[in-house]
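Subject: Structure for you to look at

Dear colleague,

Here is the structure I promised to pass on, with my notes on what turned up in it. Please have it open beside you as you read.

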Amino acid sequence: MIAVAGLVVGVVLGLILQPSVPVELQPYLPIAVVAALDALFGAVRARLEDVFDERVFVTSFLFNVVIAAVLVFLGDQLGVGSQMSTAVVVVLGIRIFSNAASIRRHVFKA
């Protein structure tokens, strides 16, 4: 229940304050969102399997976002930023869909 309340408060504050992302960081925002979604789907899967651990979730969330951003930054420095972004999205997308399939199997017993 605390997580839902935190989500609602965060959404309301975002709508009221309308924060802007600096232009330098805008290429990294979609990658960070996909990395965060990967951690979130992994947490839901772990919760359904009764193996959820808050420390694992927090560290997974932070490390996924940081590692994805660093990979894209390195790709930008090497001149292959768009290819590196695509690679990160593909890998994290595969993990998200894998976790979503596991969640579906658990919820619908199919």
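Aspartate 50 is exposed in this predicted model, because its relative accessible area is 70% and the cut-off for exposed is over 50%. Aspartate 50 is found in the loop between H2 and H3, and its phi is near 60 degrees, a positive value in a residue other than glycine. Most residues other than glycine have a negative phi. Glutamine 18 also has a positive phi, in this case near 45 degrees, and is likewise not a glycine. Glutamine 18 sits in the loop between H1 and H2, and it counts as exposed because its relative accessibility is 63%.

Proline 27 is found in that loop between H1 and H2 as well, but at 44% relative accessibility proline 27 counts as partly exposed. If you want a distance to check on your screen, the C-alpha atoms of proline 27 and leucine 92 are separated by 16 Å, with the two positions 65 residues apart along the chain.

As for the chain as a whole, its secondary structure comes to four helices and zero strands, so that reading along the sequence gives the pattern α-α-α-α. The C-alpha trace spans about 45 × 35 × 25 Å along its principal axes. Of the 110 residues in the protein chain, 21% are buried. The accessible surface of the chain comes to about 8,000 Å², and 74% of that surface belongs to carbon and sulfur atoms. Among contacts between residues at least 6 apart in sequence, 71% join residues that are at least 24 apart.

Which residues make up the largest nonpolar core? There are nine in all, namely Tyr28, Ile31, Val34, Ala35, Ala68, Val72, Val88, Leu92 and Ile96. H2, H3 and helix H4, the last of these covering residues 81-108, each supply at least two residues of this core.

Valine 72, one of the core residues, is in contact with Tyr28, Ile31, Met84, Ser85 and Val88, once its neighbours within four places in sequence are left aside. Among these partners of valine 72 is Ser85, and serine 85 has its place in helix H4. Serine 85 counts as buried because its relative accessibility is 17%, which is under the 20% that marks the limit for buried residues. Leaving aside its neighbours within four places in sequence, serine 85 is in contact with Ile31 and Val72, both of which are listed in the nonpolar core.

A charged residue that you may wish to look at is aspartate 38, which lies in helix H2, residues 29-48. Is aspartate 38 buried or exposed? At 1% relative accessibility, aspartate 38 counts as buried. Not counting residues up to four places away in sequence, aspartate 38 touches Asn64, Leu92, Arg95, Ile96 and Asn99, and of these Leu92 and Ile96 belong to the largest nonpolar core.

Turning to empty space, rolling a probe the size of a water molecule over the atoms shows where it is left. The largest pocket has a volume of about 460 Å³, and its lining consists of Ala3, Val4, Leu7, Leu40, Ala43, Val44, Arg47, Phe52, Glu54, Phe57 and Val58. Helix H1 (2-17), H2 and helix H3 (54-78) each supply at least two residues of that lining, with the largest share, four residues, coming from H2. By residue type the lining divides into nine nonpolar, no polar and two charged residues, and the charged ones are Arg47 and Glu54.

Finally, at the end of the chain, alanine 110 lies in the segment after H4. Alanine 110 counts as exposed because its relative accessibility is 60%, and it touches Arg104 and Arg105 when residues up to four places away in sequence are not counted.

With best wishes

Key
Residues are numbered from 1 along each chain as its sequence is written. This is a predicted model: local features need pLDDT of at least 70, side-chain atom pairs count only at pLDDT 80 or more; totals for chains, interfaces and linings use all residues. Side-chain values use heavy atoms; hydrogens and water are left out. Buried means under 20% relative accessible area, exposed over 50%, partly exposed in between (1.4 Å probe, protein chains only). Contact means heavy atoms within 4.5 Å. On a 1 Å grid over the protein atoms alone, a cavity is a set of points where a 1.4 Å probe fits but cannot get out, and a pocket is an open set with protein on both sides within 12 Å along at least five of seven lines; lining residues have an atom within 4 Å of a point. Grid points are joined across faces, edges and corners, and a volume is the space filled by probe spheres set on the points. A nonpolar core is a set of buried Ala, Val, Leu, Ile, Met, Phe, Trp, Tyr and Cys residues joined through side-chain atoms within 4.5 Å. Accessible areas come from the Shrake-Rupley method with a 1.4 Å probe; for residues, only the protein chains shown count as cover.
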